[in-house]
Amino acid sequence: MKNNSLSKEEQRLNDYRQNGRPWLKWGPYLSERQWGTVREDYSEGGTAWDFFPHDHARSKSYRWGEDGLAGISDELQQLCFAVALWNGNDPILKERLFGLTGSEGNHGEDVKELYYYLDNTPTHAYMKHLYKYPQAAYPYSWLLAENRRRGRNEQEFELLDTGIFNDNKYFDVYTEYAKASEEDILIKISVYNRGKEAAPIKVLPTLWFRNLWSFGLIENKPFMSLQYANGVSDIVKASHPEIGDYYFYFEKPNAHLFTENETNTERLYNFPNDQPYKKDAFHKAVIERQMDWISAKTEGTKFAPLYERTIAGGGSVEFRLRLSKKMVGKDPLGADFETVFSQRKNEADEFYTTIFPAGTTYNKQPTTNNDQQNIQRQALAGMLWSKQYFNIDIPRWLNGDPGQPAPPESRKNGRNSQWHSLNNEDIISMPDKWEYPWYAAWDLAFHCVPLAMVDANFAKNQLILFLREWYMHPNGQIPAYEWAFGDVNPPVHAWSCLQVFKMDRDKTGTADFDFLKRVFQKLLLNFTWWVNRKDSQGKNVFEGGFLGLDNIGVFDRSAPLPGGGHLEQADGTAWMAMYCLNMLEMALLLCEEDQSYEDVATKFFEHFVYIAESLNRIGKDWTGAWDEEEGFFYDILALPGHRYHPLKVRSLVGLSTMFAVLRITDQTLDRVPDFRKRFNWFLNYRRQLADYQVAHNVGHNSDVLLSLTHPDRLRRLLHAMLDENEFLSKGGIRSVSKIHETPYVVNIEGQDFGLQYEPGESTTGLFGGNSNWRGPVWFPMNYLLINSLREYHTYFQDDFKVECPTGSGQWMNLGKVADDLSRRLISNFEKGEHGERPCHGGEERYATDPHFKDLVLFYEYFHGDTARGVGASHQTGWTGVVAELISSIGKQENKMGKMEQQKAGLETV
């Protein structure tokens, strides 16, 4: 660190990295949904949602991981802890979050609960979670029936819409964790009755072993047993053959409940159980009040102390627990318990003061500081809570476990059967631990940006992990996600590696060239895979197929195309141009330490030039992506017989051409004389051939700008992008231009295809119907646009200005445009004049209710007109980049404020 004064949390991180102390052995690694995943699917047709539904989750032991409410586990998920609740009215215990499956929701799968990640630190020394639990019976059937009834043109029916929270008849359940040491975890569960009347609740803090014995993964079955039950606190000892003993301390309960984490075959399959105590035994004991039956069980692999309380209106109760590797001395839940909690909370506050820009004034309104700080802290808390244990071993998944029913034979030639080398068992940053409880490679690249703000080493290790041989395919492809590891996502891994490298260097003052070298070598393999597999015509025009933008085209871009043609994707080609420049920049950075990288830098420069030419050239027998008349880049559908059809949809596909930009300073070129020589020769040679030029010089600027987009074309693209009647919305850049409110239709081989601007939820079932790229604002793409604008600005400075918004008469340099877009994105979460946050879509509770108004949800994407949050409600993942935007814009405004103060001082003098 440049600053030698490290916070306590930073000291713990250093202790973990440098001394190997296991501060990260325990964390929020429990999934929020293990049911309905591909990992747990052993069906004939690969119907994961139907094979393992929510209704089975309480009764069936999982094979590949565990889930729970506000839970934690060790890094190999052998021992788990989570909260279970019962309000006296529900048909089942609340052990896990409920939501609709892909076929049940009118816009695909969706969690139907209210929960919030309030705080977390990188070592998980302090964590805080909030779950809002209704006092009336949870409306499972109503949510299912109403969402099934609604069509795709209607909004989703949410839990708040049922009125179940009216009159504040609910409990706020706060779960907090504080580590006294690496493996000594203090747990506090605080339950508040927000209603006016007294209400009963049962709380079951549950400790259990993941079932490895039924699948032949361990020989000796672990067990838990009551050790002491005569004092102020009771003790259960949890003994495991691999992780040893742990001691679970808890205040004296109404009852001790033991059972086995094993499948209830009688309930699920009408097959007799070998013994009565199964995974769902607590449901039978508590809800059916069969306490005598379960009291006979005095040890097992799952345990919970049962607390029965009636909480007065406006009152609260607190439960203290402790999970420790070692025996704790006298009074483990006493005075030092609260002392440790207080210390860890204060240390979390101390840590986050190093993240939020000191003295930030946003839009000259210091009063918004606290709100921004709250937004940023909850965003980063969400990033850290979304770390999850992920396990799948493809050969074993395909062939099955000994002693278990064999998977269907069709599996060996079905989903993911070409990924025999993939064997994952790691803690990974998830997009959303309920809606997407599996990694997504291109999401992860964006996750690593905000993660690098708080733990650059974790971010770097995540990026390295996906390039390791047990993730990356032998052919060089990076796995996409468990539904189809072979799907194609945008190649943003190299970009993320660069961002994390730079952020880490700026914060520590040290360049981690070892990290850059490690990723560079593996990225060469991935780049080669792209070139060999996705440039089918050898013209440096890339197809890509899916590319993560789901339904942005007039047809499914990953499916066989109409007319037997192939799609020359403007964005596929733009992504590869960006990839080239990322690799070029990495090579030039590595030249600071090793000049041998000059050769490969030349290779990526030349490759970039050829890609740029293919996208921009228009000539005889060549249809380029650029349309000179309309001033935009479009996809080209190439049909047999050299017939080409531009697909004139104005979307992020065309704007993505701005991503590929790199300024190379004169000083950098001086450090690489051989590269500079070849660079100049190549450019002069192309000028003599009158080929498309990619390097630009303005005025007396001795630096060089490499750009996929010529300055004249850039200006025309920005004219469209910054037009409020096209792309520019109050919450950011739309994915499709608003001009397509009038549908775009194209006829291909006698068949009509088209799309229409849809600012909110998708009205089609394409890609499951829960994702929409036909109008809404998506943070990752906006973030790339902002980064690109800043890169352009480092070169052009005030020599390049545009109207922002278009037609406003307000001219800005590109740095100011980037600032404006950043503010628009941040404003999605900020309180308005009456306390309303646009992301909450006009829901009054979030504006006026003291128990809601400071809570923030980080949605998957945002309505193109209103900025209402849409899609997954806890996709802090890539939407978490708002944390970095807040820091970035804060630093910019602090810098401007200091300049204005200095100017004012000089004028006074």
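Student: In strand β30 (residues 744–748), which residues make up the covered face and which the uncovered one?
Tutor: Good place to start; strands here are DSSP runs of E with at least two residues and helices are runs of H or I with at least four, numbered from the N terminus. For covering, buried means under 20% relative accessible area, exposed over 50%, and partly exposed in between, with a 1.4 Å probe and protein chains only. On β30 the covered face has Y744, V746 and I748, and the uncovered face has V745 and N747.

Student: What kind of model is this?
Tutor: Residues are numbered from 1 along each chain as its sequence is written, and side-chain values use heavy atoms, with hydrogens and water left out. Local features need pLDDT of at least 70, side-chain atom pairs count only at pLDDT 80 or more, and totals for chains, interfaces and linings use all residues: this is a predicted model.

Student: Which residue of β31 is the bridge partner of Y744?
Tutor: Two strands pair if DSSP finds at least two bridges between them. β30 and strand β31 (residues 751–755) have five bridges and pair in the antiparallel sense. In β31, the partner of Y744 is L755.

Student: Which residue in the turn of that hairpin has a positive phi?
Tutor: The hairpin of β30 and β31 leaves two residues between the strands. One residue in this loop counts as partly exposed, at 49% relative accessibility. Its phi is about 55° although it is not a glycine, and the residue is E749.

Student: And R289, is that residue buried or exposed?
Tutor: R289 sits in the loop between α6 (281–287) and α7 (291–295). Its phi is near 55°, a positive value in a residue other than glycine. With a relative accessibility of 60%, R289 counts as exposed.

Student: What is the omega of the peptide bond from C804 to P805?
Tutor: P805 lies in the loop between β32 (801–803) and β33 (811–813). The bond that leads into P805 from C804 is cis, with omega near -5°.

Student: Now the six-stranded open sheet: which strands are at its edges?
Tutor: Strands of a sheet pair through backbone hydrogen bonds, either parallel or antiparallel. Here the order is β1-β2-β3-β10-β16-β14, with antiparallel pairing. The strands that pair on one side only are β1 (26–27) and β14 (255–259).

Student: How many residues of β14 are buried, and what is the bridge partner of H256 in β16?
Tutor: β14 is mostly covered, with four of its five residues buried. Five bridges join β14 to strand β16 (residues 302–311), and the two run antiparallel. Within β16, H256 has as its bridge partner P305.

Student: In the open sheet of nine strands, at what angle does helix α8 run to β8?
Tutor: The sheet is antiparallel, in the order β6-β7-β8-β9-β17-β13-β12-β11-β15. Contact means heavy atoms within 4.5 Å, while axes are lines fitted to C-alpha atoms, for helices over the stretch in contact, with angles from 0 to 180 degrees between N-to-C directions. Helix α8 (residues 335–353) lies across β6, β7 (126–134), β8 (170–181), β9 (184–193) and β17 (316–324), and its angle to β8 is about 90°.

Student: How do the directions of α11 and α13 relate?
Tutor: The axes of helix α11 (residues 441–454) and helix α13 (residues 493–508) come within 9 Å and cross at roughly 5°. Angles under 35 degrees count as roughly parallel, over 145 as roughly antiparallel, 65 to 115 as roughly perpendicular and the rest as oblique. Therefore α11 and α13 are roughly parallel.

Student: Which residues of α13 does α11 meet?
Tutor: On the α11 side the residues are A445, F446, C448, V449, A452 and M453. They meet, in α13, W495, S496, Q499, V500, M503 and K507.

Student: Is F682 buried or exposed?
Tutor: F682 is in helix α19 (residues 673–688). Leaving out residues up to four places away in sequence, F682 touches F605, E606, V609 and Y610. Its relative accessible area is 5%, so F682 counts as buried.

Student: Last one: how far apart are the end C-alpha atoms of helix α21 (residues 779–796)?
Tutor: This helix is mostly covered, with 15 of its 18 residues buried. The expected span of a helix is 1.5 Å times one less than its number of residues. For α21 the expected span is 26 Å, which agrees with an end-to-end C-alpha distance of 25 Å.
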